[in-house]
Amino acid sequence: MSTDTRIPMVLLTGFLGAGKTTLLNFLLRHPSMTGTAVVINEYGEVGLDHHLVEQAEPDDIELIEGGCMCCTTRGRLAESLMSLFTKAQRKQIPSLKRIIIETTGLAEPGPILNQLFNAPQLHERFVLDSVVTLVDAVNGAQTAEQIDIAQKQIAGADALLITKTDLVDAEALDALKARLGVMNPDAELYLPKKGAAQPDWLFTGGRRRPGTPSFGLSPLILKADSLRLAPADPNLMSADADPWGAGPAWDEVQTFSLIVDAPLPAWKFYGWLDFLRSLAGNDLLRFKGIVNIEGQDRPRVIHGVQTVLHPPEELERWPDEDRRTRIVFITRGWGQETVRNTLAYLKDTPDEAPLLEP
């Protein structure tokens, strides 16, 4: 595989008070983090958070003021990243080896990722390594139950870091870990003590990026059979029954998988995926999988957060003898039913490929 020379980025999220600044201050002191630039986003007309980041040189911090990156400052993220790149090219800053984008506590990851993936000038120079979300051990469980944005931050993460663990007992911590495991069973979970995070929890050297030698599919995808999407309940199919029933709660998070046994035509699969994303909207928190496209020997890895699809990447080889398409979904509310009810689009192929076991 060719070496990717683009500058890796980490999107650092977490609800208000989760401890992002404390963690940044620790990380930027680490010897291996030399050459790290920080882009900080915050609310308000005048930025304050950048004064709290102690170790980065002033020219290494790009501050986006006046609102959240996913709303009022749309477009400024690309400008800030390109500004850093230009400064590095002109030797105005010592080096630029990696970038941390710290979002406001009220930012959704999806719209920010959309900016990163849809700006060609960024794609040529930068590559997203990870989405990392901090969760406050004291308030995290309640926040995850009640706050829509916090749910999206947790479900969209590649890694979850539970902070302030010294302020809760073992029982509360175990309950929070179990809750996070339901909301995002695919994420790596870490417990930094007083902000003492390890750099490789964020910057992985490519192990979360398809197309790099160290990349590996998560066990959740490789063991997707155990999560296979079940057929609809036959008891709901009578003429007198309400097919929707009482319906799930809006914040009910579900993890399940779709297994497709036969190769899929590219136009059919990507058309279904676009259709699904447009219908599910915010109910589709995250999806990730390996896809067998008809006429191609190599598999494609797909990864999406909310309605944002990471650029699909081709692997050099299949990870094992299993050639089935396996996609794991994390949805909320009616998300699982939306996936189920759009399967007819995939089923309608010339070969009538079976999608689900009865």
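This is a short talk through one predicted protein model, from its overall make-up to a few of its details.

Okay, hi everyone. Since this is a prediction, let's start with how confident the predictor was. The mean pLDDT of the protein is 80, and 79% of the residues reach 70 or more. If we go element by element, strand 6, residues 159-163, comes out highest with a mean of 95, while strand 3, residues 61-64, comes out lowest with 65. There are also stretches to treat with care. Over residues 231-244 the pLDDT is below 50, and that stretch has 12 contacts in the model beyond near neighbours in sequence. Then residues 349-358 also stay under 50, and there the model has 18 contacts beyond four places in sequence.

Now the overall picture. We have 358 residues, and 53% of them count as buried. The secondary structure comes to 12 helices and 13 strands. How much do the contacts reach across the sequence? Well, if you take contacts between residues at least 6 apart, 76% of them join residues at least 24 apart. As for the outside, the accessible surface is about 16100 Å², and carbon and sulfur atoms make up 52% of that.

Let's go inside, starting with helix 1, so that's residues 20-27. Of its 8 residues, 6 are buried, so the helix is mostly covered. The buried ones are Lys20, Thr21, Leu23, Leu24, Asn25 and Leu27. And what covers them? The list includes strands 1, 2, 4, 5 and 6, plus helix 8. If you want to find those in the viewer, strand 1 is 7-14, strand 2 is 36-41, and helix 8 is 199-202.

Helix 3, residues 109-117, is a similar story to tell. Here 7 of the 9 residues are buried, so the rest of the structure largely encloses this helix. Those buried residues are Pro109, Gly110, Ile112, Leu113, Gln115, Leu116 and Phe117.

Next, a strand. Strand 8 runs over residues 253-260, and 7 of its 8 residues are buried, so it too is largely enclosed by the rest of the structure. Which way does strand 8 run relative to strand 13, parallel or antiparallel? The two pair in the antiparallel sense, over 8 bridges, with strand 13 covering residues 325-332. To pick out one spot along that pairing, look at Thr255, whose bridge partner in strand 13 is Ile330.

On to the charged residues. A quick reminder: side chains of opposite charge can pair when their charged atoms come close. How many salt bridges does the structure hold? There are 18, and I'll show you a few of them.

Take Asp322 and Arg326, whose closest N and O atoms are 3.7 Å apart in a salt bridge. Both of those residues are buried.

Another one joins Asp148 to Lys152, at 3.0 Å from N to O. Both sit in helix 6, residues 148-155, and they are 4 residues apart, which is about one turn of the helix. Are the two partners buried or partly exposed? Asp148 has a relative accessible area of 24%, so it's partly exposed, whereas Lys152 is at just 2%, so that one counts as buried.

The third pair is Lys288 with Asp186, with 3.2 Å between the closest N and O atoms. Why point this one out? Lys288 is in strand 9, residues 284-291, and Asp186 is in the loop between helix 7 and strand 7, so the salt bridge ties together parts that are 102 residues apart in sequence. Lys288 is buried at 16% relative accessibility, and Asp186 is buried as well, at 15%. While we're on salt bridges, some of them share partners, and in that way Glu108, Asp148, Lys152 and Arg332 are joined into one network.

Last stop, back out on the surface. Trp267, Phe275, Leu279 and Tyr345 form a nonpolar patch there, with about 440 Å² of accessible area together. Which element gives the largest share of the patch? That's helix 10, residues 266-280, with 3 residues. Phe275 is found in that helix, and at 37% relative accessibility it counts as partly exposed, because buried would need under 20% and exposed over 50%.

That's my tour, thanks for listening.

Notes. Residues are numbered from 1 along each chain as its sequence is written. Side-chain values use heavy atoms; hydrogens and water are left out. Patches are made of residues with over 30% relative accessible area and no salt bridge: like charges are joined within 9 Å, nonpolar side chains (Val, Leu, Ile, Met, Phe, Trp, Tyr) within 5 Å. Accessible areas come from the Shrake-Rupley method with a 1.4 Å probe; for residues, only the protein chains shown count as cover. A salt bridge is a side-chain nitrogen of Lys or Arg within 4 Å of a carboxyl oxygen of Asp or Glu. Buried means under 20% relative accessible area, exposed over 50%, partly exposed in between (1.4 Å probe, protein chains only). Two strands pair if DSSP finds at least two bridges between them. pLDDT is the predictor's confidence in each residue, from 0 to 100. Contact means heavy atoms within 4.5 Å.
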